[in-house]
Amino acid sequence: MSALRPASRILAARTLRPAALSPLSAAPRVGMAARGFSSRSRQQHQHQQRQMPATAKAAVGPGALGALALGALAGWYLFSSGDSGSDGDSWRAVDFHRVYADIAGLLEDDDYDDGSYGPVFVRLAWHASGTFDRKTRTGGSDGATIRFAAEAGHGANAGLDVARARLEPLKRKYPGLSYGDLYTLAGVVAVQELGGPTVRWRPGRSDSKTAAHCTPDGRLPDAAQGAGHVRDIFYRMGFGDQEIAALIGAHALGRCHPTRSGFDGPWNASPTAFTNFFYTELLDDKWVPKKWDGPFQYVDKQSGAFMMLPADMALKTDPVFRRHVERYAADQDAFFADFARAFAKLLELGVSFPADAPVYEFKTPE
């Protein structure tokens with residue numbers, strides 16, 4: 001299993017030109033991932049389960065609320081008004097190796113959630129991109145419309161103001177960096193620095209100057225729904241069943257918050273490590289309905305400390321999805337390779353990149 005990578009480690013990166021490599025043409029090599037569970041990784045996971053209290057941590061500790069409130073208030077005008085953002089050519093003056101390192105430096109914070117902004121950065125990148133509609137060619141990360149109140153206020157985006165406020169200083173540090181590139185690169189950084197696969201990424205997104213291109217509410221998945229809804233949402237973007245199963249594996253990261261989604265709890269005992277634990281827990285644990293006043297969700301019968309959403313359970317009960325779940329539970333390398341391809345595809349939906357936009361593979365030292 002991949003060890004958790006500290007965000008402070010020195011970054012080594014290489015740039016691939018478009019002529020040499022398409023960002024989606026082949027799976028990246030993921031040498032650090034063990035195939036399935038080694039005895040050591042299983043023991044480590046069991047130890048983490050024993051160490052984790054049965055009650056979930058609060059969404060944001062009291063000490064962090066003051067600082068985050070200042071950032072959110074300072075950013076409200078930016079996110080609700082028509083800021084100009086950056087155009088499609090300004091990326092040429094940006095050193096993305098430095099941007100990657102700076103984002104990595106923002107990940108760790110003992111006063112936030114489980115000690116890392118990584119999971120919420122992945123969610124921000126996902127929600128900024130997952131609004132794409134292949135029929136109307138609207139939505140996606142180009143334009144970064146998620147920063148405007150008209151879209152930021154969608155129920156599925158609750159809590160993402162925290163991630164945008166955390167990243168805002170980098171937009172000011174690198175004026176040529178578009179919000180679309182910043183938000184998607186933050187997701188790549190988080191996946192890699194939390195032990196996941198190398199995800200190919202390229203710059204060139206432009207920023208909408210007004211909220212006119214914000215997408216309507218309802219384009220992101222509803223966690224309370226089943227397999228039919230999940231397919232409807234992902235098929236609209238152009239994904240197939242295998243890609244859907246791979247992308248949902250990102251639920252290995254983070255937790256749900258009653259103040260955001262309404263649901264509560266982490267999916268597993270390692271919410272700041274990118275692993276295949278979502279699949280192993282989904283298959284190996286017995287899940288029962290949670291008895292509480294909140295929305296319907298499942299908890300593990302043994303401890304009640306971990307949860308699954310109705311949409312997660314659809315991957316276990318649907319025979320086509322389950323086939324992919326079983327494969328990823330048994331083979332973490334396979335999951336990493338498929339996730340890297342699907343996530344890179346997600347981040348590029350609806351984007352018309354300049355012909356000379358380089359493809360980056362940012363390498364974090366072992």
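The following dialogue examines how terms are applied to a predicted model.

Biologist: Why are H6 and H7 called oblique to each other?

Modeller: The axes of helix H6 (residues 160–173) and helix H7 (residues 179–193) cross at roughly 125 degrees. Angles of 65 to 115 degrees count as roughly perpendicular and those over 145 as roughly antiparallel, with the rest, apart from angles under 35, counted as oblique. H6 and H7 are therefore oblique. Their axes come within 11 Å, and H6 passes H7 in a right-handed crossing.

Biologist: How do you know which residues of H6 and H7 meet?

Modeller: Contact means heavy atoms within 4.5 Å. On the H6 side the residues are Arg164, Leu167, Glu168, Leu170 and Lys171, and they meet Tyr179, Leu182, Tyr183 and Ala186 of H7. By class, this contact has six nonpolar, no polar and three charged residues.

Biologist: What makes H11 and H12 roughly perpendicular to each other?

Modeller: The axes of H11 and helix H12 (residues 319–330) cross at roughly 85 degrees and come within 5 Å. The range for roughly perpendicular is 65 to 115 degrees, and H11 and H12 therefore receive that name. Ala314, Leu315, Lys316 and Thr317 of H11 make the contact with Pro319, Phe321, Arg322 and Val325 of H12. These residues divide into five nonpolar, one polar and two charged.

Biologist: Why are H10 and H12 called roughly perpendicular to each other?

Modeller: Helix H10 (residues 277–284) and H12 have axes that cross at roughly 115 degrees. The range for roughly perpendicular is 65 to 115 degrees; H10 and H12 are therefore described in this way. The axes come within 8 Å, and the crossing is left-handed.

Biologist: Which residues of H10 and H12 meet?

Modeller: Tyr279, Thr280, Leu282 and Leu283 of H10 meet Arg322, Val325, Glu326, Tyr328 and Ala329 of H12. The contact comprises six nonpolar, one polar and two charged residues.

Biologist: Let us turn to the pocket. What makes a residue part of the lining of the largest pocket?

Modeller: A lining residue has an atom within 4 Å of a point of the pocket. For the largest pocket, 41 residues form the lining, and Arg123, His127, Ala156, Pro221 and His251 lie nearest its centre. The elements that give two or more residues to this lining are helix H4 (118–129), helix H8 (227–237), helix H9 (241–248), strand S2 (255–256) and helix H11 (310–317). H4 gives the most, with six residues. The space in the largest pocket is about 990 Å³.

Biologist: How many residues of each class does the lining of the largest pocket have?

Modeller: The lining has 22 nonpolar, 11 polar and eight charged residues. Among the residues nearest the centre, Ala and Pro count as nonpolar and Arg as charged.

Definitions and conventions: Residues are numbered from 1 along each chain as its sequence is written. This is a predicted model: local features need pLDDT of at least 70, side-chain atom pairs count only at pLDDT 80 or more; totals for chains, interfaces and linings use all residues. Side-chain values use heavy atoms; hydrogens and water are left out. On a 1 Å grid over the protein atoms alone, a cavity is a set of points where a 1.4 Å probe fits but cannot get out, and a pocket is an open set with protein on both sides within 12 Å along at least five of seven lines; lining residues have an atom within 4 Å of a point. Grid points are joined across faces, edges and corners, and a volume is the space filled by probe spheres set on the points. Helices (H or I, at least four residues) and strands (E, at least two) are DSSP runs, numbered from the N terminus. Axes are lines fitted to C-alpha atoms, for helices over the stretch in contact, and angles run from 0 to 180 degrees between N-to-C directions. A crossing is left-handed if the near helix is turned anticlockwise from the far one by less than a right angle, and right-handed if clockwise.
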